[in-house]
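Student: Could you take one strand of this protein and walk me through its surroundings with care, from its pairing to the residues beside it?

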Amino acid sequence: MRQMHLGLFLLGTGSHVAGWRMPGAVTSFQDIQAIQAMAAQAERGCFDLIFMGDNLYADPGAHPSYTVRLEPLTMLAALAMVTKHIGLGATVATTYSDPWSVARAFASLDHISGGRAAWNAVTGSSAQAGPNFGRLHPNHAERYAIAAEFVEVVRGLWDGWEEDALVADRESGLYVDPARLHKLNHEGAHFSVQGPLNIGRSPQGRPVILQAGGSDAGLDLAARTADVVFAVVQEFEEARTQYAALKSRLPALGRRPEEVAVLPGVMPIVGRTEREALDKLAQLQAFISPTNARQLLQDRLGVDLAGRDMDAPLGDMPLFDGGHGFARALLNKARRDNLTLRDIYNLLGAARGHWVLCGAAEQVADTLQHWFENGAADGFNVMPSHFPGGMEDFVELVVPILQRRGLFRTRYEGTTLRDLLGLRRPARGEG
Ligand SMILES: Cc1cc2nc3c(=O)[nH]c(=O)nc-3n(C[C@H](O)[C@H](O)[C@H](O)COP(=O)(O)O)c2cc1C
């Protein structure tokens with residue numbers, strides 16, 4: 001029976017912008033012990049992977065607890081030491097890094113974790129990073145042109161070492177066989193990289209690649225290179241469309257649909273009863289400040305609220321250059337449900353533009369099952385509102401229902417993230 005894949009998205013102390021204000025919630029995302037406890041919860045729930053978001057600037061306005069964070073790869077290396085099975089995904093933006101360093105860092109994490117590393121290759125949605133790197137934020141098309149070349153170079157570098165290039169033969173004195181190391185000699189529009197890396201082929205052959213762009217360029221890049229795709233959707237039909245848009249690109253690229261898992265983002269607000277769940281959501285929503293929501297509108301839609309009537313319908317507007325995926329999902333929802341700016345503002349405050357699924361555990365499980373079985377998802381990117389409570393509700397109440405229904409694993413099998421995702425270990429130079 002086909003099984004769901006579940007990812008835990010770590011974004012600050014929770015994906016709700018004000019989740020940290022819940023009584024008893026974790027308040028610091030630089031507290032490694034608290035983060036270890038989040039990873040342990042996910043492993044208890046048999047999740048496929050933890051996936052850490054990142055930004056390259058500090059802005060306390062939109063999502064305060066996301067302003068303070070540990071550098072993702074450093075943090076995941078620490079988690080690799082206290083977890084056993086779960087995949088470890090970090091976001092690194094292609095606009096503000098270089099392929100050699102990224103290839104090296106993820107190969108290192110793959111070795112450290114015994115084959116559990118994943119790279120979320122984002123273009124970087126915010127112009128606020130630019131001044132920290134002494135450059136202007138490139139426009140959308142340029143960001144994706146850079147990203148496409150960047151990912152190609154990283155994959156090439158991961159393939160630079162043959163499996164058995166590290167010989168370490170005491171007898172002959174041969175340590176590394178130079179004939180089994182291959183230069184990349186890449187010369188492109190944006191990067192010039194010789195290679196090879198100074199680290200051997202990693203346990204997964206290549207670390208897993210995650211992608212989260214929802215624009216046409218984002219879907220093209222994902223179809224060519226990603227193993228897992230995170231979708232931004234607000235409702236079922238939209239999720240089916242997004243799912244089909246990605247899967248339909250694969251055959252022409254010589255890839256099978258099951259080679260790429262599409263996981264829509266979802267913030268589950270779960271109660272023992274529907275009433276209890278609705279009360280939790282209301283409690284969370286009451287913590288949102290106008291500053292949070294205003295800044296998020298700016299970040300997701302590029303809308304400046306100065307002089308706008310909060311109770312007028314949002315109306316039509318062009319897709320925001322900062323990111324098409326979120327803007328499209330929000331504009332579609334506003335059109336469908338005739339939402340005002342204030343409605344959008346509240347929606348954004350909850351899950352930053354992701355889908356909020358609120359209900360009793362059985363209702364939540366029913367909806368996830370419906371999406372999974374009807375062409376809208378291969379699993380879900382779970383975005384708890386806060387920790388430990390928001391995650392605990394999902395792991396303790398929803399996961400057992402999915403397991404009882406045979407939709408989700410009850411224990412880990414295999415050793416690498418590729419094993420969990422049902423993906424083959426690629427040979428050098430393959431696909
Ligand atoms: C689940 C999810 C997580 C994301 N995490 C990050 C992140 O950590 N950092 C970032 O800069 N962008 C992040 N993004 C943004 C996208 O990856 C992408 O760069 C942006 O939306 C622009 O792409 P698009 O126009 O193709 O949608 C995330 C998107 C999604 C759906």
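Tutor: What follows is a close look at strand β9 and one of the residues opposite it. This is a predicted model, in which local features need pLDDT of at least 70 and side-chain atom pairs count only at pLDDT 80 or more, while totals for chains, interfaces and linings use all residues. Residues are numbered from 1 along each chain as its sequence is written, and side-chain values use heavy atoms, with hydrogens and water left out.

Strand β9 covers residues 208-211; strands here are DSSP runs of E of at least two residues, and helices are runs of H or I of at least four, both numbered from the N terminus. Val-208 and Leu-210 point to one side of β9, whereas Ile-209 and Gln-211 point the other way, and all are buried, meaning under 20% relative accessible area with a 1.4 Å probe and protein chains only.

β9 has a parallel partner in strand β4 (residues 117-122), joined to it by three bridges, and another in strand β10 (residues 228-231), with which it pairs in the parallel sense over two bridges; strands count as paired if DSSP finds at least two bridges between them. Towards β10, Gln-211 has Val-229 as its bridge partner. Together with helix α5 (residues 216-225), β9 and β10 form a β-α-β unit that is right-handed, which means that, with the strands pointing away from the viewer, the path from the first strand over the helix to the second runs clockwise.

On the β4 side, Leu-210 stands opposite Asn-120, a residue of strand β4 that is buried, with a relative accessible area of 2%. Leaving aside neighbours within four places in sequence, Asn-120 is in contact with Leu-210, Gln-211 and Ala-212, and also with Phe-51, Ala-90, Thr-91 and Val-92, where contact means heavy atoms within 4.5 Å. With Thr-91, the side chain of Asn-120 also makes a side-chain polar contact at 2.8 Å; such a contact is a pair of N or O atoms within 3.5 Å, and within protein one must be able to donate a hydrogen and the other to accept it, residues adjacent in sequence counting only if both atoms are side-chain atoms.

The ligand can be described in similar terms. A polar side-chain atom of Ser-215 lies 2.5 Å from an oxygen atom of the ligand, an N or O atom in the side chain of His-140 is 2.6 Å from a ligand oxygen atom, and for the side chain of Thr-123 the corresponding distance is 3.1 Å.

Definitions and conventions
Buried < 20%, exposed > 50% of the residue type's maximum accessible area, 1.4 Å probe, protein only.
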